[in-house]
Structures are given as C-alpha cells and as structure tokens.
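This report covers one part of a protein chain and then the chain as a whole. The sequence and structure come first.

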Amino acid sequence: MKQLLSQRVKYLFFGGKGGVGKTVVAAATALYLAEETGEKTLLASFNPVHSLSSVFQQDLSGGVIKQVANAKNLWAVEVQYDDIVEKYKARITNLLKELLKMAELSIDIKPLVDIATTNPAFHEAAAFDKMMDIVLKEGAQYDRVVFDMAAVANAVRLIGLSKLYGAWLQRTIKLRKETLALKEQLSFRKDRVAKELEKDPILLELQDMYNRYMQVRKVLTDPSATRFIFVTIPTVLSISVVQRFVEMVRAYEIPYGGVVVNMVIPSEEAASDTTGFIKSKYDEQARNLELVKTLFGSDILAKVRMFPEEIVGVDKLRQFMKELVHG
C-alpha cells in the first residue's frame, strides 16, 4: 500500500462489497496522506449510507466540506444525494423548458421530469455530475482526494458512466445542432436567427457539460492521476465480487490500483482458541487467502488483521492506518 501511495496518485477510489470495511480503509488512507505525508487531503463519501461521521466521531453530514477534528491537513464531506438530485433535476427542467419553448409547444413538463428523475440511472447521472464538481472544483484545492464509494456494483456503474455520459452528450449535441440548422434554413430572417442560435442556451449548456466531462474523463483514465482500489474480506462471496468487478473497471479504462484484504484473523488468536470456533474460521480464511493470492497476486496491496473492536475515532483509525500502510 505504501508503494502505491508514494506514487502521488491524486484521486483514489475505494469500492467493495457492503460490510468489508471500505469506509475505514478509505478513511485510514486519507489520514495517512494528511498526517504522515503532510498533504492537504479531501475525503469524499459517495456512499448513500454514510459512515464517515461515525468513524471520525464528528458530524460530517450536510453535504459541505468540513475540517476533521484532531487530524492535521484532513477535510471530509458526506455527499447528500437528495441535494444533488434536486440540483440536477432543476438543471434538466431548465433544459426541457428551453427545448419546448423553441419548439413552441405548450406542455406541462412536470410529468416528464418526474418520469426521468424516478429512474435509478438519473440518480447515478446526478452523482456523477457531483463527482465531476469535486474533481474539477474542490479537487483543485487539495493535494489528494480519496473517494469512499457505494457498494461496488454502484461504484463501478458510477465510474463507468463516464464513458456512457460522453457518448450521450455527443449524440445530444449533434441532434441539437441539426435542429438549429434546420430552423435557420426555414427562417426568412436567416442573419437574425443565426445570431440567436449562436447564443442557444441548450447548446451552450450541453457543450459546457461535455467540456467538463472531457476534463474529468481525462483524469479518470490517467493511471498517474487515478486508481480504483477494491476492499475485500477473506470470504468466497466477497472475493468473487471483487474478481468480477476488477474486469469491469478495466473494461471502462479506469486504472486499477489493487486489492486490500481486510479483517484477517491473526494466527495467534487461532492458536489460543480453546473453543475451536476461531480456529475453524481461521482455517477457512487461510483457504480463501490462497484464492486471493491466486486471483490477485502482486496486486494485493495490504492484508489487515481483524481488530477486536470497531474502528471509531481518530486514535483507533491511526492504529488501523499503521497496519494498512506499514504492514
């Protein structure tokens, strides 16, 4: 893990199956970058079920960036999905209004907006739009940005949306230009219409979105700037989930950073077990760790032992950080 972090990759995305401790791993990584390397670090949670506030024992809710107490150089934000969906909804509403105004159609757009915004893909598009903001705006204020993503399927879809988002924007811009060109051809006052079309709010908005997308897409596909890291535990189900989604990340051309194996039972705990229960779980994990080695090999960044208590508070997070980064 330390070797990867020493490469000064700016954007680190952490994903994994629910319950594997990815929030703690992401938080510990951000704490290391902030305190031990002295870099100004932002930790952003895109997990709808936020737990950064619990980990740091500080209210980090509200969708605004806050400095983490008792930690140097570290800021955090729990992205509020309701807020970003409402803002994205307003943006789409304005686009539809302009579109129907140009077509001289008197239609109540509320049902159209309601249909569009109840689609789960709309929420992912809104989240991606917010992620673009963090990369292009907030990200510029920090040396490193660490993302705590949702459950791995949602995370990969969100990152992978970058490719689909661009294709959709290109097609939409092309259709808009064709519509404007047709309007100009049919107009009696071509010079006047041509000037109006140069300021077409829909086309300007779409082109602005596309320009932002292109900047972010460049960052997301640059291995010197971005890595997607998976967190797993030594269970067959969790390992198989990571195996499946590693290939998806590569297919989306997102640089793959490796795998962190969390909650490994220490050998001394198994040796001192008098009930046989821990020894049985240890033996099961040992078999699964062999599977991890076979599947991921040199991509294994760290193996972190299972702690006897929850990792909450900066002090316990520092203990976890030492195991994660220093081994």
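## Strand E7 and its neighbours

Val 261 has Lys 303 in E8 as its bridge partner. The model is predicted, and in it E7 and E8 run parallel, joined by four bridges. E8 covers residues 300-305, and E7 covers residues 256-264.

E7 also pairs with strand E6 (residues 226-232), again in the parallel sense, over five bridges. Within E7, Val 259 stands opposite Phe 230. Eight of the nine residues of E7 are buried, so the strand is mostly covered. In a regular strand, side chains alternate between the two faces of the sheet.

## The β-α-β unit

E6, H10 and E7 form a β-α-β unit, and its hand is right-handed. The helix of this unit, H10, spans residues 236-251.

## Helix H12

Helix H12 takes in residues 277-296, 20 residues in total. At 1.5 Å a residue the helix should span 28 Å, and its end C-alpha atoms are indeed 28 Å apart, so expectation and model agree. Which residues of H12 are buried? They are Gln 285, Asn 288, Leu 289, Val 292 and Phe 296. Seen down the helix axis, the buried residues of H12 fall within an arc of 120°, and therefore they line one face of the helix. The general geometry is as follows: an α-helix has 3.6 residues a turn, so residues three or four places apart point the same way.

The face turned away from the buried side of H12 carries exposed residues, namely Arg 287, Lys 293 and Thr 294. On the buried side, the cover includes helix H10, strand E7 and strand E8. H10 and E7 thus appear both in the β-α-β unit and in the cover of H12. Just after H12, Gly 297 has a positive phi of about 45°.

## The chain as a whole

The protein chain has 13 helices and eight strands. Of its 327 residues, 49% are buried. The chain exposes about 16300 Å², of which carbon and sulfur atoms supply 54%.

How do contacts distribute along the sequence, and what percentage join residues at least 24 apart? Among contacts between residues at least 6 apart in sequence, 76% join residues at least 24 apart. The parallel pairing of E6 (residues 226-232) with E7 and that of E7 with E8 are two arrangements within this chain.

Definitions and conventions: Residues numbered from 1 in each chain as written. Predicted model: local features only at pLDDT ≥ 70, side-chain atom pairs only at ≥ 80, totals over all residues. Heavy atoms only, no water. Expected span 1.5 Å × (residues − 1). Buried < 20%, exposed > 50% of the residue type's maximum accessible area, 1.4 Å probe, protein only. Arc of directions from axis to C-beta. Contact = heavy atoms within 4.5 Å. Areas by Shrake-Rupley, 256 points an atom, 1.4 Å probe, with all protein chains shown as cover. Pairing = 2+ DSSP bridges. Right-handed = clockwise from strand over helix to strand, strands pointing away.
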